[in-house]
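Visitor: I should like to study this protein one step at a time. Please show me the sequence and the structure before we begin.

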Amino acid sequence: MRQQPDPAEAAITIRVADRIAAVDAATWDRLATTRLAGAEAPQADPQADQQADDVAVPIAATPDAADAAPSPGNPFLSHAFLTSLEDAGCVGERAGWLPQHLVLEDAGGAIVGVAPAYLKSHSQGEYVFDHGWADAFERAGGDYYPKLQMSVPFTPVTGPRLLVGSGPEADARRVALAAGARAYLSQTGISSVHATFLEPADVAALSQADWLHRIDQQFHFFNHGYDSYDRFLETLASRKRKALKKERREALANDVTVEWLTGSDLTEAAWDAFFAFYMDTSSRKWGRPYLNRRFFSLIGERMAGRILLVMAKREGRYIAGALNFIGTEALYGRNWGCIEDHPFLHFELCYHQAIDFAIERKLAVVEAGAQGQHKIARGYEPVTTHSAHYIAHPGLRRAIRDYLEAERDEVERVVEVLGEHTPFRRG
């Protein structure tokens, strides 16, 4: 498909790339570079006795090689991550995630915008649930699938989806990519296009193009310049503080120790151990794990400096682990698994150790994945996430629009209520 999205922008064209390798890695990463939406640098802890030049500031993620070009602040938008999914076969026609990346070109053929996009035959691995929409439309005689998904597969992490870099033409290029997605829908006859876990600039561009806006919630930890985990604990109510100290002690009982593996520590043996944990937990949770063993080897080769494995060991062998990705300003928790059950070990590896790492590296935020109100008691706060949806069928569009209006009211109410139940001291 090659489309001029707007006669007023005749010099701009859009084409579809069926593999990310069709776009130069440096070009893709330059367009994907952005600051974390809604996040600020960690602020000085008012209780800390430190000089101004010691105030916590974000640090760049460790480059994957000494001569590596700058990578996007969000590692999941990097060419290396998305290519690894394709090269490992985690996405593709057989997986029901057929790459159909949108590529925006100027009059000279230079790529000035891209959008990771996949033609999907199901709604698995998205974390923004539209199964009810599909069921209703198909009961009425429509074909909901295939649909186009503009997202990072299997990754409920907010970031840009209309990748246009920075500069005065960025907003216009976002609008052009939005128009290109609608042109794809018109030319292929699919039911809908969905863009999930969006930053505000993308929400604005897609809303302007008459997409439907949806919100949901996650729970994030915010680092307010803490110089230690104990300093963070001092901000909690006494009862909550004592509960977390006890929880961490019990998690590491039975001679359990914890290691942080990153960079050259990410050996194939470490990946073998983690993959066993991942398969055990994912098979029970979803029935069919999304990621295969080759994927972990590929990201270990291509972006080891942006990966943190938090591994628990007992009696000389690894028994559990949590996979995290290191962004410029955030730590992103992704997958967890274990082969031994120990009280609170999941909370220790996925939440407490993530806070420890963020404080040590002076990262502003920990995003610990989708859902999970239990995170609130551990210092994670409710935040709102955003998606946008373009529905072709007028009747289905009206029904979804009405549903989303009621859903937004409910989500906003829940986020407000949950925000009143954080463990932090009042006043």
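**Strands, turns and cavities**

Guide: In the hairpin formed by β4 and β5, five residues lie between the strands, and glycine 109 there has a positive phi near 85 degrees. Please keep in mind that this is a predicted model.

Visitor: How many helices and strands does the protein have?

Guide: Both kinds of element are present in the protein. The count comes to eleven helices and 15 strands.

Visitor: What percentage of the residues is buried?

Guide: A residue is called buried when its relative accessible area is under 20%. The protein has 427 residues, and the buried ones make up 56%.

Visitor: Are the residues of strand β4 buried or exposed?

Guide: Strand β4 covers residues 101-105. His101, Val103 and Glu105 point one way from the strand, whereas Leu102 and Leu104 point the other way. In a regular strand the side chains alternate between the two faces of the sheet. Because five of the five residues meet the criterion, β4 is largely enclosed by the rest of the structure, and its residues are buried.

Visitor: Which residue of β4 is the bridge partner of threonine 13?

Guide: Strand β2, residues 13-17, runs antiparallel to β4, and five bridges join the two. The partner of threonine 13 in β4 is glutamate 105.

Visitor: Which residue in β5 stands opposite leucine 102?

Guide: Strand β5 spans residues 111-115 and pairs with β4 over four bridges, in the antiparallel sense. Opposite leucine 102 stands alanine 115.

Visitor: Where is the proline found that follows tyrosine 145 in a cis peptide bond?

Guide: Most residues other than glycine have a negative phi, and most peptide bonds are trans. The bond from tyrosine 145 to proline 146 is cis, with omega near 5 degrees. Proline 146 belongs to the loop between α3 (131-139) and β7 (147-150).

Visitor: What is the relative accessible area of phenylalanine 154?

Guide: Phenylalanine 154 is in the loop between β7 and α4 (170-188). Although it is not a glycine, phenylalanine 154 has a positive phi of about 60 degrees. The residue is buried, and its relative accessible area is 6%.

Visitor: Is aspartate 255 buried or exposed?

Guide: Aspartate 255 lies in the loop between α7 (238-251) and β10 (257-261). Aspartate 255 is not a glycine, yet its phi is positive, at about 60 degrees. Exposed residues have a relative accessible area over 50%. With a value of 67%, aspartate 255 is therefore exposed.

Visitor: Which elements give two or more residues to the lining of the largest cavity?

Guide: There are two cavities of 30 Å³ or more, and the largest has a volume of about 100 Å³. Its lining consists of 15 residues, with Phe154, Thr155, Leu291, Arg334 and Asn335 nearest the centre. The elements that give two or more residues to this lining are β12 (317-326) and β13 (330-338).

Visitor: How many residues of each class, nonpolar, polar and charged, are in that lining?

Guide: The lining of the largest cavity can be sorted by class. It has twelve nonpolar, two polar and one charged residues.

Visitor: What share of the exposed area do carbon and sulfur atoms supply?

Guide: The protein exposes about 18400 Å². The share supplied by carbon and sulfur atoms is 49%.

How values were computed: Residues are numbered from 1 along each chain as its sequence is written. This is a predicted model: local features need pLDDT of at least 70, side-chain atom pairs count only at pLDDT 80 or more; totals for chains, interfaces and linings use all residues. Side-chain values use heavy atoms; hydrogens and water are left out. On a 1 Å grid over the protein atoms alone, a cavity is a set of points where a 1.4 Å probe fits but cannot get out, and a pocket is an open set with protein on both sides within 12 Å along at least five of seven lines; lining residues have an atom within 4 Å of a point. Grid points are joined across faces, edges and corners, and a volume is the space filled by probe spheres set on the points. Ala, Val, Leu, Ile, Met, Phe, Trp, Tyr, Cys and Pro count as nonpolar, Asp, Glu, Lys and Arg as charged, and the others, Gly among them, as polar. Buried means under 20% relative accessible area, exposed over 50%, partly exposed in between (1.4 Å probe, protein chains only). Accessible areas come from the Shrake-Rupley method with a 1.4 Å probe; for residues, only the protein chains shown count as cover. Two strands pair if DSSP finds at least two bridges between them.
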